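Visitor: I'm new here, so could you show me around?
Guide: Happy to; let's have a look together.

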Amino acid sequence: MRHKERDIAFHLEGSEPNQAHNVMPARRRRVLQKAREILSARTDGKVVTRHQGRGGGGGDQHTLVDGKDPGRIANAEEDIRRQVAPPARQARRGGGAGGQSRDIHAKTPAMVSSPKCVGQVRKGDRRAQTPMTRRASCARMRCTSNRVTAVVQITSPQFKENAARAIGDAGLQKALGKAKGAFLQRRGDAVARLPEFEQLRDIGRDIKNHTLANLDFYLETYAANVEAAGGKVHWCSTAEEARAAVLEICRNAGAKTVTKGKSMISEELGINDHLEAHGIEPVETDLGEYIIQLRREHPSHIIAPAFHLNREDWEKSFREMHTDLPKDRVFSERRDILTEARTKLRHRFLASDVGITGANFLIAESGSSVIVTNEGNGDLTQTLPRVHIALASIEKMVPTLNDACALLRLLARSATGQDFSVYTTFSTGGRRPGDLDGPEEYHVVLIDNGRSNMFGTEFQEMLRCIRCAACMNHCPVYGVTGGHAYGWVYPGPMGSVLTPTLIGVDKAGHLPNASTFCGRCESVCPVKIPLPKMMRHWREREFERHLSPVAVRRNLGLWAYVAQRPALYRMATKLAVGALGMLAQGKGAFRSLPLAGGWTQGRDLPVPEGGTFMDRYAKTKRGA
Ligand code: SF4
């Protein structure tokens with residue numbers, strides 16, 4: 001009971017005193033605490049909508065179309081910079097966000113595009129605090145941002161059963177085998193084409209670290225610039241607040257139908273169910289999301305939601321659900337699937353009242369949100385309806401356009417093996433007078449939902465994640481279980497770290513144990529997140545809190561006792577190797593063993609050959 005209480009307290013507070021906490025520089029701790037306070041001050045337990053209505057709004061939508069030629073990308077960057085930078089316009093008007101935009105804009109261009117500038121902390125920027133920042137930092141307000149709400153059904157505690165079912169599912173295994181190979185090949189080729197990829201990974205890591213260390217400042221700057229461009233920011237500490245904010249916007253727009261781009265945070269918030277429960281129809285427009293919505297499933301992968309399906313599954317679902325289409329239509333090619341989805345979706349785009357997208361990045365200097373897609377559905381979702389809602393969690397922030405572009409180069413290569421995604425769209429505010437298209441209203445629902453709990457803990461580095469999915473594409477465990485086995489929104493190695501953080505290690509303790517610790521996830525992560533190290537931290541927490549099974553704890557305790565006594569260790573391993581050799585009776589492997597049923601249930605145990613490791617090591621040394 002005592003442990004249970006401790007767990008709950010930890011879960012609510014986000015972290016308990018630990019070594020990492022103590023060794024954190026005091027300044028960084030203060031900054032992170034301040035970011036929490038800002039969120040708390042902005043929400044204070046309810047949804048707050050601010051709109052300063054600075055003269056006339058203004059907004060941009062700019063789409064960057066498949067830039068394979070680096071020169072073209074560089075030109076496009078300049079083009080985008082000109083188009084997405086309301087601070088420049090406001091500087092000319094003598095307006096802007098309390099002077100912040102001018103200050104930050106002057107310092108931003110070269111932080112990351114030139115390696116020598118990497119990691120520069122813009123100290124001058126920090127002096128440009130807004131009155132709101134100062135108020136929030138000074139006030140000791142009730143912090144509500146440490147409440148985490150999970151609305152999607154959680155089956156993480158049944159990971160082992162889920163995994164066993166997945167391994168026995170021939171259809172799933174076929175789908176996983178095909179899709180995984182393609183992802184690995186494409187990423188490998190894309191990385192090989194960019195000699196400075198490793199350097200770019202360091203840059204990506206530094207951009208995210210810098211942003212997290214100064215998140216309070218960038219949140220404020222971003223919000224001021226969104227509002228200066230005519231948008232609204234809704235600060236939400238919890239999933240309930242975010243859902244309420246989205247519903248309120250939809251209701252104010254009189255929405256009956258809402259189109260949606262792919263967004264993992266919307267999965268986390270359970271937006272679709274919430275809208276449906278209130279009489280609003282959400283329509284997924286990403287091809288993979290569309291099929292799984294038809295099948296009433298959840299994504300099994302963060303960038304390829306229908307990773308678990310084969311072409312036959314698509315055909316079957318389409319025939320079952322699209323009963324109004326001709327029965328004799330054929331699905332012999334991939335493009336037949338696309339054509340069918342387009343036929344059904346096109347008029348939904350035109351009929352929708354509100355478009356909801358996620359955001360790959362939020363750019364503080366311009367108040368822009370960025371989405372990348374390969375289908376163009378995100379652009380139709382956010383430009384056709386009268387109202388655009390961008391859902392984004394707080395860690396999506398980056399300081400400048402250049403920072404976003406550096407991360408985009410990493411994202412496309414790590415995710416799909418492209419040099420750049422087909423559509424990269426920057427949105428700043430709603431439609432301005434004279435614009436040909438774009439939404440009349442632009443809302444950003446900015447969500448914490450437990451992220452700030454990670455500040456100052458061993459898990460803070462997880463907030464660098466740019467959701468590229470490279471870790472799961474390379475994970476041998478994900479490769480055989482697929483994503484649904486993980487039992488919540490985020491699968492694979494990133495999910496094994498993030499899920500316990502967001503829903504509690506008591507529910508998700510199996511996930512950090514579902515790793516071979518081969519280290520491939522860390523080696524491919526574009527922002528160098530030490531995923532195995534963080535999984536080990538979760539294992540330690542699980543052990544400390546007596547959440548792991550009694551047998552595991554007992555065996556680990558026994559192993560630790562023996563391992564700390566070298567003479568005993570040598571004797572015990574010698575006896576064990578000898579006994580196993582005798583028991584084997586000439587066989588090469590054990591199919592089952594007493595006391596090791598869990599191990600041999602899924603694989604054979606090879607019989608040890610040639611003595612213990614220490615014996616062989618000593619022999620080799622003598623030979624040398
Ligand atoms: S943890 Fe790294 S590799 Fe995995 S999704 Fe996040 S950024 Fe990509």
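Visitor: Which residues are closest to the ligand?
Guide: This is a predicted model, where local features need pLDDT of at least 70, side-chain atom pairs count only at pLDDT 80 or more, and totals for chains, interfaces and linings use all residues. Residues are numbered from 1 along each chain as its sequence is written. Around the ligand sit 14 residues, each with its C-beta atom, placed from the backbone, within 6 Å of it. The closest are Cys465, Cys468, Cys471, Met494 and Cys525.

Visitor: How many residues of that shell are nonpolar?
Guide: Nonpolar here covers Ala, Val, Leu, Ile, Met, Phe, Trp, Tyr, Cys and Pro; Asp, Glu, Lys and Arg are charged, and the others, Gly among them, polar. The shell has 1 charged residue and 1 polar one, and its nonpolar residues number 12.

Visitor: Which helix gives the most to the largest nonpolar core?
Guide: Such a core is a set of buried Ala, Val, Leu, Ile, Met, Phe, Trp, Tyr and Cys residues joined through C-beta atoms within 7 Å; buried means 20 or more other C-beta atoms within 10 Å of a residue's own, all placed from the backbone. The largest one has 122 residues, with Leu407 and Val445 having the most contacts inside it. Helices are DSSP runs of H or I with at least four residues, and strands are E runs of at least two, numbered from the N terminus. The top contributor, with 10 residues, is helix H20 (residues 401-415).

Visitor: Why is strand S11 largely enclosed by the rest of the structure?
Guide: S11 runs antiparallel to strand S8 (residues 368-373), joined by 5 bridges, and Phe426 in S11 is the bridge partner of Val370. S11 (residues 423-428) is largely enclosed because its buried residues number 5 of the 6.

Visitor: What covers the buried residues of helix H16?
Guide: In H16 (residues 287-294), 6 of the 8 residues are buried, among them Tyr290 and Ile291. The cover includes strand S5 (281-284), helix H17 (311-321) and helix H18 (334-351).

Visitor: Which residue in strand S9 is the bridge partner of Ile356?
Guide: Ile356 points the same way as Val354 from strand S6 (residues 354-357), while Gly355 and Thr357 point the other way. S6 pairs with S9 (residues 387-393) in the parallel sense over 4 bridges, and pairing takes at least two DSSP bridges. The partner of Ile356 is Ile389.

Key. A residue is buried if 20 or more other C-beta atoms lie within 10 Å of its own, exposed if 12 or fewer, and partly exposed in between; C-beta atoms are placed from the backbone. Two residues are in contact if their C-beta atoms, placed from the backbone, lie within 7 Å.
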